[in-house]
Structure formats: structure tokens, C-alpha cells
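Reader: I have a new model open and would like to learn how to read its features one at a time. Could you walk me through it?

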Amino acid sequence: MTGQSSPLWEVFVRARRGLSHTHVGSLHAPDAELALRNARDLYTRRQEGVSIWVVPASAITASSPDEKDAFFDPAADKVYRHPTFYEVPDGVSHL
Amino acid sequence: MYGNDFAPPEDAPGGGLLGEVEAAEAALREAAARARRGAPAPDEDVEAYFTDVIDADQKIEPRDWMPEAYRKTLIRQIAQHAHSEIIGMQPEGNWISRAPSLKRKAILLAKVQDEAGHGLYLYAAAETLGISRDELVDLLLDGRQKYSSIFNYPTLTWADVGAIGWLVDGAAIVNQVPLCRCSYGPYARAMIRVCKEESFHQRQGYEILHTLAHGTEAQKAMAQDAVDRWWYPSLAMFGPPDGDSTHSAQSMAWKIKRFSNDELRQRFVDMCVGQAEVLGLRIPDPDLRWNEERQAYDYTQPDYAELMRVIKGNGPCNRERMTHRQRAHADGAWVREAAAAYAAKRAERKAVAA
Ligand SMILES: [Fe+2]
Ligand SMILES: [Fe+2]
């Protein structure tokens, strides 16, 4: 291949109306329009989707797996956010 | 079926394998939901953490720590798998223009296009391990990495397209279904996608052979001839016998590989016997017979000396396949250049307009 290779794109497909877009894989393409067309040919040959997003992989900032615990720690000690934390007195319904 | 990857051989051939793919997919989700193992603690040994994740049947993801040998093994395996899908388009591509009907032509086109797609899913999975697409393509083009030897055999008649679908895609499925449970997340997910598509490949091949085998005497003879030529090379697709297989033990420990070459080969033989009977075609092995004690078929091993010869580059079509691939890549250079130039021009205009 001559010159630098075309950039990497991450592909997200909405399987059906009402569902959210889900990451399905990645591909190389020189620009967004071709990335979209390639994504259609590569990831929806069997009508797997009704909508596609392509995002330049370089535009994604990811949290690092090493700092995962520390990063998500603040949520760990807030059990009172879950309804199961609360005791419901006997005889109470619709709560 | 979770935890015991395979259904017993008496299960319906196609349906059973698809069921296993779905079970693998369900297991992947279940393992992700179960035992929520966070990142290693600051003072925890990363290697122990890696082993923990694998023991829990969870997935290693691209940015996790992994042993260098694990990464290298996976890059090699996934890349060679991708190369096989790409080179694998050639033997059947040879028949697209000569398919006997418009329907068969459309089906074969779709099948070959799928194989291109498989190659691309797999290249993308390999790239998550830190190797670039260009490097991967170069490894194939200059022969530093191999592709499956099966594609170095010629497709002489239309029946070969049927035999490839039934036997070659069939063997590939038996090999690949356990990979849906591979410990490396991107590879496992790519394999789930691939396996779901493969079952159409196997069935269209089987249907071609079934039609021929129930046609004229000449058509039946053509089908039999194709099975005669593709049977042993298909058995060889599972690789050397367990005693000679070098990477197996480590790959098993890492849960990259789940079954030995011989186990998978046996499974394939057991599956094929009944399918051949329905076709009314003979498997070219005079020593093929049911072994009551083993509850499996005894069969003749493929010629491993021949396999080694083909791997070393001396099969019937090695040179042709490589030359074709190199030429196709070189002929496509202007398209890649034009697309890059167009993208650059548009980006420039956008920058000026902004
Ligand atoms: Fe494939
Ligand atoms: Fe296939």
C-alpha cells in the first residue's frame, strides 16, 4: 500500500427502531461517507440494522482499564441509590 | 449446554452447530453479568489478575494487561485466519462466471462476499492487539504468514463448489464454533458473527451436491469425484495430529483453543457420515466404520506429509493464489490513492469554508 493507510472508524448499528446503537466492529475508510457505505456492506448484509453511526476511532477518548476501580469507586458506596436499600413496612403496597 | 461446549453428534448437523453458537453468545453475556471482576487492585499482580479473568470464563479486552506471548499467539492466529478468508475467495470465485443458473450465481456471489467480510472482521479484531492493517496485509503478501492450506487445491468442476461448501466450510465451522468462546473478547465476538453466516455456506454447498447426486449419472459421478478429491484435504484442515501439534497446550490453558486437533477432526468425521448417506455419496475411505466401544467412527488419517508439502508452498495452486492476491492488491492501488486524494480535497475545502 502506498502512503499512509486510511483512518480507522468504529461502527455502531441500531438493529431495530426503539433499540440503541450498539458497537459492532471497526473498519478503514478514507472519509466518513465511504466509511458509512463500507459499514453498510460489511455489517448489515443481512438487514442487521436500520441506522448506522461511524465515528473516527481517533475521536474516542476511553477510560483506562487500570484506573477502572478508582474511577468508578465514587458510585460503589452509595447503596442508598437502589430501591432495595429501603425497608418497606409490612402491609404497604404500591410502593 | 453451557460449560460443555458441544452437543452430542446425533444432534441435527446444521441446527446443532448454530445452537452452539447461540449458546456461546449467551454464555458470553452471562459471564459478563456474573462475577463482576473489577480492575486489578493497585498492589495486585497483573498476571494473577489475567489468570483470574480467564479462569472465570470472562473476556480479556484490548486495553487489559496480557502476557506478550498471549498477544503474539492471538495476532498470529487471527491474522492467519483472516488471510484464509481472503485467499479462500479465489477457488470459488473461479466459478462465479460459470455458475449453472442465475440463482446459483447470486448465491455464490453472496457467499464469496461473506468470506471477504469475514476477513475484514478478523483483520479488525487483530488490529485491536496493536498491529496495523498495512502490516497484516504485508505479512500475507510477502508470504511471512500463511493461510489455510485447503485453498491451495483447484476447483475443477461445478461440483467442487458444492464440496467446498459442505466439507470445507463444514470443517471450518467445526473448528470455529469453539472459538466463539475464546478468551479474547474481540475474537470471540467476531467468531460469533462469522459462525452465524457460515451455516448458510455449508447448506448451499450441501444443496448443490444433493441436486447433482440426484441428477443424471454423469452429474452424480461429478459430485462423487469432487467429494473424493476434497475429503482428505478437508480432514487435514484440522492440522497435524495432537502428538505433533506444537502450540496446543499453551493455547488451551489460555482458553484460545478449547479442543485438540484430533478431537475436532473426529467430530467432523462423525458429522459427515450421516450427511454423506443422505446425499447418496461415498466417503472415499474403505476403513471408515463405527466403533461401538469409542462411540465414534474409525477413519483413515489424511496424508500429513502432503499437508506439510502444501504448507511449505508446494501444493497444486500455492503460486497461483499468491500471484493473484499480489496482483489484485497492486491493481487496487489507484483506487486507494484516488479515495485518499478525494478525502484530502474535501477536508481542505471544509477547512477553507470554516
Ligand atoms: Fe468464512
Ligand atoms: Fe464460509
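**Reading the metal site and its surroundings**

Author: Gladly! Let's begin with one side chain: B:E85 is buried, at 7% relative accessibility. Keep in mind throughout that this is a predicted model.

Reader: What coordinates the iron ion (ligand 1)?

Author: B:E85 is one of the residues that do so, through OE. B:E115 and B:E198 also give OE atoms, while B:H118 gives ND1, and the distances run from 2.1 to 2.3 Å.

Reader: How should I read the angles at a site like that?

Author: As a general idea, ideal angles at a metal are 109.5 degrees for four tetrahedral donors, and 90 or 180 degrees for six octahedral ones. At the iron ion (ligand 1), the angles among the 4 donor atoms span 83 to 155 degrees, and the site is classed as irregular. Water is not among the atoms, so a site may look incomplete.

Reader: Which spacing do the donors of the iron ion (ligand 1) follow along the chain?

Author: The pattern reads E-x29-E-x2-H-x79-E. B:E85 sits in helix α3 (residues 68–87) of chain B and B:E198 in helix α8 (residues 185–213) of chain B, so this pair ties together parts that are 113 residues apart in sequence. B:E198 is buried too, with a relative accessible area of 2%.

Reader: Which protein donors serve the iron ion (ligand 2)?

Author: They are B:E115 (OE), B:D169 (OD), B:E198 (OE, listed twice) and B:H201 (ND1), at 2.0 to 2.8 Å from the ion. From B:D169 in helix α7 (residues 158–176) of chain B to B:E198 in helix α8 of chain B, the pair links distant parts of the chain, 29 residues apart. Both B:D169 and B:E198 are buried. Along the chain, the donors of the iron ion (ligand 2) are spaced E-x53-D-x28-E-x2-H.

Reader: How far apart are the iron ion (ligand 1) and the iron ion (ligand 2), and which residue coordinates both?

Author: The two ions lie 3.3 Å apart, with B:E115 coordinating both.

Reader: Let's turn to charged pairs. What is the general idea there?

Author: Side chains of opposite charge can pair when their charged atoms come close. Over all chains, the count here is 23 salt bridges.

Reader: Where does A:R45 find its partner, and how close are the N and O atoms?

Author: A:R45 forms a salt bridge with B:D114, whose closest N and O atoms are 2.8 Å apart. This pair crosses between chains: B:D114 is in helix α5 (residues 102–127) of chain B, and A:R45 is in the loop between α1 (32–43) and β3 (51–56) of chain A. B:D114 is buried, at 2% relative accessibility.

Reader: What about A:R46 and B:E197?

Author: Their side chains meet in a salt bridge as well, at 3.4 Å from N to O. Again the pair crosses between chains, from the loop between α1 and β3 of chain A, where A:R46 lies, to helix α8 of chain B, where B:E197 lies. A:R46 is partly exposed at 34% relative accessibility, whereas B:E197 is buried at 4%. A:R45, A:R46, B:D114 and B:E197 are linked in a network of salt bridges.

Reader: Where do B:R29 and B:E25 lie?

Author: Both belong to helix α1 (residues 13–33) of chain B, 4 residues apart, which is about one turn of the helix. Their side chains form a salt bridge at 3.6 Å, N to O. B:R29 is exposed, with a relative accessible area of 55%.

Reader: And how do I read the cysteines?

Author: A disulfide is a covalent bond between the sulfur atoms of two cysteines. The count over all chains is 0 disulfides. For B:C195, the nearest cysteine sulfur is that of B:C180, 3.8 Å away; the cut-off for a disulfide is 2.5 Å, so the pair does not qualify. B:C195 is buried at 2% relative accessibility, and B:C317 is buried at 5%.

Reader: One last feature: which residues make the nonpolar surface patch of about 430 Å²?

Author: A:V79, A:Y80, A:F85 and A:Y86 make that patch. A:V79 lies in the segment after α2 (68–72) of chain A, and A:V79 is partly exposed, at 47% relative accessibility.

Definitions and conventions: Residues are numbered from 1 along each chain as its sequence is written. Chains are lettered from A and ligands numbered from 1 in the order in which they are written. This is a predicted model: local features need pLDDT of at least 70, side-chain atom pairs count only at pLDDT 80 or more; totals for chains, interfaces and linings use all residues. Side-chain values use heavy atoms; hydrogens and water are left out. Donors are N, O and S atoms within 2.8 Å of the metal (3.2 Å for Na, K and Ca); water is not among the atoms, so sites may look incomplete. Four donors count as tetrahedral if all angles lie between 85 and 135 degrees; four count as square planar and six as octahedral if opposite donors are over 155 degrees apart and all others between 65 and 115; anything else is irregular. Helices (H or I, at least four residues) and strands (E, at least two) are DSSP runs, numbered from the N terminus. Buried means under 20% relative accessible area, exposed over 50%, partly exposed in between (1.4 Å probe, protein chains only). Patches are made of residues with over 30% relative accessible area and no salt bridge: like charges are joined within 9 Å, nonpolar side chains (Val, Leu, Ile, Met, Phe, Trp, Tyr) within 5 Å. Accessible areas come from the Shrake-Rupley method with a 1.4 Å probe; for residues, only the protein chains shown count as cover. A salt bridge is a side-chain nitrogen of Lys or Arg within 4 Å of a carboxyl oxygen of Asp or Glu.
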